[in-house]
Amino acid sequence: MSTVMKQPPSSVAAVAPNAGGGLWNSLPDPVRSVVFRLLALGLLCLALSLASDAFLTSANIVNVLRQAALLFLLASGVTLVILTAGLDLSVGANVAMSACLAATLLKSTGSIALAVFAGLGCGLLIGIANGLLITLIRIPPFIATYGMLWILHGITYWFMKGETIHGFPAAFRAVGSGHWLGIPIPVFLMMAFLLVGVVFAQRTRWGQEIYAVGANPEAARLSGVPVKRRLVLVYAVSGAMAGLASLIFLARLNSAEGDIGEALTLPAIAAVLIGGTSLFGGVGSVFGTLIGALILTLVLNGMNLLAINANWQPVVTGVIVVAAVFLDNLTRQGDKR
């Protein structure tokens with residue numbers, strides 16, 4: 001009798017797991033990933049609000065949103081690249097070259113439209129060049145974009161000759177430092193491109209093909225996906241977003257010099273990885289990258305508010321990147337089991 005009583009009835013055994021976590025377990029993995037990151041973002045905000053009285057001030061919140069917007073715009077293009085199991089290490093150097101070219105034309109001609117066209121066009125052409133190196137010459141993405149990084153640095157330093165260009169029209173500066181309804185202009189751009197990115201990646205055929213290429217490029221090719229064209233597309237988008245970020249960064253700083261974008265590459269990649277996009281391709285989302293950009297920006301903002309030495313910020317960013325990749329690797333191993 002006692003032996004029988006230790007065994008729950010089959011109907012109870014079937015219901016018990018569902019009662020504890022059926023709803024949560026029924027959610028798709030991407031949704032659960034986003035929920036986890038939103039919880040982490042909320043806990044981080046709570047911790048910083050308790051640690052510093054300055055965190056919840058309107059000035060600090062506006063500053064966080066402005067910085068996160070720039071980071072997201074740059075990282076959103078990198079997200080598409082990493083979804084294909086690629087990597088774009090040239091985005092920071094792309095920002096520098098595009099910004100310096102736009103600044104030169106803006107200063108010499110006074111035409112905002114020409115400067116914007118030059119910045120976006122320069123970024124786009126660099127992205128296309130990366131895509132062609134990878135698809136036509138078959139150079140691995142890491143090597144191709146790392147080589148492009150040094151090429152762009154060399155050209156930019158030669159072009160600028162150690163000079164600094166500063167003092168731009170107020171109408172141009174409003175793109176990076178202006179407000180509308182009390183909200184920074186870059187935040188509106190961030191929300192617009194978030195919507196475009198989500199719709200493109202999740203609701204279009206091209207977006208689904210990008211996921212397919214990242215998951216298994218050979219299977220995607222056999223299924224009729226134009227793999228090479230999709231790879232050129234994602235690097236072109238990454239380059240164009242770097243060009244857009246260069247204009248916002250230039251407008252905010254009101255000056256341009258050869259090393260203007262050097263510090264942006266690692267944070268952009270970090271935001272993508274923190275947001276849940278896998279370095280192995282095929283998993284991730286643009287919305288996740290937004291959460292990643294907010295988390296990274298809040299971490300660095302919190303370090304500033306708590307008067308932690310700025311020299312530790314690259315260390316913390318690097319640790320976060322390693323941790324994100326480590327967790328991604330653990331998740332993949334768990335899925336295989």
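In the predicted model, G261 is in contact with G92, V95 and A96, residues up to four places away in sequence being left out of the count. G261 lies in the loop that connects β4 (255–256) with α13 (265–274). The relative accessibility of G261 is 0%, and the residue is therefore classed as buried, the limit being under 20%. A further pairing across the sequence involves A99: the C-alpha atoms of G261 and A99 are 8.5 Å apart, although 162 residues separate the two in sequence.

Helix α4 comprises 26 residues, spanning positions 58–83. The distance from its first C-alpha to its last is 35 Å, close to the 38 Å expected at 1.5 Å a residue. The helix α4 bends at S76, by about 30 degrees. Of the 26 residues of α4, 19 are buried, so the helix is largely enclosed by the rest of the structure. After α4 comes A85, which has a positive phi, near 70 degrees.

A nonpolar patch occurs on the surface, with an area of about 460 Å². The residues that make this patch are L306, I308, W312, V315 and V319. One of them, I308, is located in the loop between α14 (286–305) and α15 (313–336). The relative accessible area of I308 is 37%, and this residue is therefore partly exposed, a class that lies between the limits of 20% and 50%. Thus I308 is partly exposed, whereas G261, likewise a loop residue, is buried.

Conventions. Residues are numbered from 1 along each chain as its sequence is written. This is a predicted model: local features need pLDDT of at least 70, side-chain atom pairs count only at pLDDT 80 or more; totals for chains, interfaces and linings use all residues. Side-chain values use heavy atoms; hydrogens and water are left out. Helices (H or I, at least four residues) and strands (E, at least two) are DSSP runs, numbered from the N terminus. The expected span of a helix is 1.5 Å times one less than its number of residues. The bend at a residue is the angle between axes fitted to the seven residues ending there and the seven starting there. Buried means under 20% relative accessible area, exposed over 50%, partly exposed in between (1.4 Å probe, protein chains only). Contact means heavy atoms within 4.5 Å. Patches are made of residues with over 30% relative accessible area and no salt bridge: like charges are joined within 9 Å, nonpolar side chains (Val, Leu, Ile, Met, Phe, Trp, Tyr) within 5 Å. Accessible areas come from the Shrake-Rupley method with a 1.4 Å probe; for residues, only the protein chains shown count as cover. A salt bridge is a side-chain nitrogen of Lys or Arg within 4 Å of a carboxyl oxygen of Asp or Glu.
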